[in-house]
Amino acid sequence: MAFSHSAQASKNSIDDLDFDSQSQFKRFAEDLTGALSSKSLSPPEPLGLAGFDIGVSLNQSNFKNDSMRYVSNNGGKDLQMITLHAVKGLPFDMNFGLDYSIVPDSNIEAWNAKLSYAVYPGGVTYPTVDLAIHYSQTTNVKAVTFNGYGAEVGISKGLANFTPYATLGVVTGNVNAREDNQGAAGPDLKTENVTLPKAAVGVNLNLLIMDVLVAVNQIGDVTTYSLKAGYRF
């Protein structure tokens, strides 16, 4: 219902800059960092050298600020994304993942890379605990550039055919204006570097023929709801 409610009204192409103050640009940087930074959309368990996790997710990010209206004629207070996911198990209880996200009817595209290490690989009676680092970057957007990086700790425990998990971490985003600003703040906007807390909870359900995952990620004031379908081995 959340996706269908706003999919027609929100396009959110970043076409131009029309900020009346540097503080407005900072709020926009916080929104963009919260929406485009790496999301926790797989349990922390190490997949092993032969393991993999592939899938596609639908994601809706809800903004506290109304900052997209300063960069788009159709800017809204939410952002819908489609993300392709691929995670590969590595030796020594490590996983490496790549995500590619697009916003339909928009010029926003983003890549995310994530490397995780299971400090405690988990077992029958105790959970998995991992540490992860991640990096994010936009492509195709000409008016601004965004890149971000962060780290998090995650915990999960498989129970029958479902695996609940949670993560806690921090994200830093860098947003740089590449075009002249048309608003009252003047043509030159300073680069904004924002650091935001990150938390996530989710559950992966194995249905034998496929896996379904639901999750909520909170980065700063941006809440992202996700539904992912794929295969985890």
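A residue counts as buried here when its relative accessible area is under 20%. By that cut-off R232, at 16% relative accessibility, is buried, and this arginine is a good place to start a tour of the structure. Please keep in mind that the model is predicted. The points below cover salt bridges, paired strands, the nonpolar core and a few backbone angles.

**Salt bridges**

- The whole structure contains 6 salt bridges.
- R232 pairs with D53, and their closest N and O atoms are 2.7 Å apart.
- Because R232 sits in strand β10 (residues 222–232) and D53 in strand β1 (residues 52–62), this pair ties together parts that are 179 residues apart in sequence.
- D53 is buried too, since its relative accessibility is 3%.
- Which residues share salt-bridge partners in one network with R232? They are D53 and K228.
- E152 and K114 also meet through their side chains in a salt bridge, at 3.1 Å from N to O. That pair links distant parts of the chain, with E152 in strand β6 and K114 in strand β4, 38 residues apart.
- E152 forms a salt bridge with K198 as well, where the closest N and O atoms are 2.5 Å apart. Here the link runs from strand β6 to K198 in strand β8, 46 residues apart.
- Are these three residues buried or exposed? E152 is buried at 7% relative accessibility, K114 is buried with a relative accessible area of 18%, and K198 is buried at 1%.

**Strands β2, β3 and β4**

- Strand β2 (residues 78–90) pairs with β3 in the antiparallel sense over 9 bridges. The two form a hairpin with 3 residues between them, and F92 in the turn has a positive phi of about 60°.
- β3 also pairs with strand β4 (residues 109–120), again antiparallel and over 9 bridges. This hairpin has 6 residues between its strands, with D105 in the turn at a positive phi of about 60°.
- Y100 is a handy landmark in β3: Y100 is the bridge partner of L84 and stands opposite W111 in β4.
- Side chains alternate along β3 (residues 94–102). N95, G97, D99 and S101 point to one face and are buried, while M94, F96, L98, Y100 and I102 point to the other and are not.

**Strands β7, β8 and β9**

- β7 and strand β8 (residues 192–206) run antiparallel and are joined by 14 bridges.
- β8 pairs with strand β9 (residues 211–219) in the antiparallel sense over 9 bridges.
- L205 in β8 stands opposite F162 and has V212 as its bridge partner in β9.
- A hairpin joins β8 and β9 with 4 residues between them, and L208 in its turn has a positive phi of about 70°.

**Nonpolar core**

- The largest nonpolar core has 26 residues, and I14, F28 and V144 have the most contacts inside it.
- Two or more residues come from each of α2 (22–36), β2, β6 (144–156) and β7 (162–177). α2 gives the most, with 6 residues.
- Leaving aside residues up to four places away in sequence, I14 touches several residues, including F28, L32, M68, V71 and V144.

**Backbone angles to look at**

- Most residues other than glycine have a negative phi.
- D93, in the loop between β2 and β3, has a positive phi of about 60° although it is not a glycine. D93 is partly exposed, with 32% relative accessibility.
- N140, in the loop between β5 (128–139) and β6, has a positive phi of about 80°. N140 is likewise partly exposed, with a relative accessible area of 47%.

How values were computed. Residues numbered from 1 in each chain as written. Heavy atoms only, no water. Buried < 20%, exposed > 50% of the residue type's maximum accessible area, 1.4 Å probe, protein only. Pairing = 2+ DSSP bridges. Core = buried A, V, L, I, M, F, W, Y, C linked by side-chain atoms within 4.5 Å. Contact = heavy atoms within 4.5 Å. Salt bridge = Lys/Arg side-chain N within 4 Å of Asp/Glu carboxyl O.
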